[in-house]
Amino acid sequence: MPIKTPFVAVDGIVKIFDNEDRFKGIVLIERKNPPYGLALPGGFVDIGESVEDALKREMKEEIDLDVEIVKLFNVYSKPDRDPRFHTVSIVFICKAYGEPVGKDDAKKAFVYKLEEIPFEKLVFDHAKIIKDFLNS
């Protein structure tokens, strides 16, 4: 009997800084695919890939930025957090420079100041993740 487990994903709270190291905001993407709305950039871990490498790959593929992982933030595993299937997301806080560009699964990429995040447009459990981040 094959083993059934949740899908493993990574999400990045990507903090964007300018060249003078001033904080500009965090990256959110507009999703190309259902569920539609805004989300943290991220994706699934490939077989044979570490979660750290998956995070860096997904950030490059989805927002066209090279990120520095600052720290592991949290793990989110509520079975209904993704309406498609059960996923476990490992969330990292990252640092990057430059302007994100929506690619791959991201229709567009935006930098939001923390006080301007449109929580009502976030999909999955990303509103909870960002609120946890803001309260940490």
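**Exercise 1. Classify the residues that line the largest pocket, then locate and size that pocket.**

Solution. By class, the lining of the largest pocket holds seven nonpolar, six polar and eight charged residues, where Ala, Val, Leu, Ile, Met, Phe, Trp, Tyr, Cys and Pro are taken as nonpolar, Asp, Glu, Lys and Arg as charged, and the others, Gly among them, as polar. This is a predicted model, in which local features need pLDDT of at least 70 and side-chain atom pairs count only at pLDDT 80 or more, whereas totals for chains, interfaces and linings use all residues. Residues are numbered from 1 along each chain as its sequence is written, and side-chain values use heavy atoms, with hydrogens and water left out.

The next step is to place the lining, which comprises 21 residues, with R31, G42, G43, R84 and F124 nearest the centre of the pocket. The elements that each give two or more residues to this lining are β1 (7-17), β2 (23-31), β4 (42-44), α1 (51-63) and β6 (87-97); helices (H or I, at least four residues) and strands (E, at least two) are DSSP runs, numbered from the N terminus. A pocket is here an open set of points on a 1 Å grid over the protein atoms alone, where a 1.4 Å probe fits, with protein on both sides within 12 Å along at least five of seven lines, and lining residues have an atom within 4 Å of a point.

Finally, the space in the largest pocket comes to about 270 Å³, a volume being the space filled by probe spheres set on the points, which are joined across faces, edges and corners.

**Exercise 2. Describe the fold of the chain and judge its compactness.**

Solution. The chain has two helices and seven strands, and reading along the sequence gives the pattern β-β-β-β-α-β-β-β-α. Its radius of gyration is 14 Å, close to the 14 Å of the globule rule for 136 residues, so the chain is as compact as a globular protein of that length; the radius is taken over C-alpha atoms, and the rule is 2.2 Å times the number of residues to the power 0.38.

Of the 136 residues, 43% count as buried, that is, under 20% relative accessible area, with exposed meaning over 50% and partly exposed in between (1.4 Å probe, protein chains only). Among contacts with a separation of 6 or more, 67% join residues 24 or more positions apart, a contact being heavy atoms within 4.5 Å.

**Exercise 3. Compare the surroundings of V27, A9 and F7.**

Solution. Begin with V27 in strand β2, which is buried at a relative accessible area of 0%. Leaving aside residues up to four places away in sequence, V27 touches V14, I16, L40, P41, I63, P100 and F110, and the C-alpha atoms of V27 and V14 are separated by 5.6 Å.

Turn next to A9 in strand β1, which counts as buried at 7% relative accessibility. A9 and G42, 33 residues apart in sequence, are 7.2 Å apart from C-alpha to C-alpha.

F7 also lies in strand β1, but F7 is partly exposed, with a relative accessible area of 45%. Its C-alpha atom is separated by 7.9 Å from that of F85, 78 residues apart along the chain.

**Exercise 4. Identify the backbone features in the loops.**

Solution. The peptide bond from P34 to P35 is cis, with omega near -5°, and P35 lies in the loop between β2 and β3 (38-39). D21, in the loop between β1 and β2, has a positive phi near 65° although the residue is not glycine.
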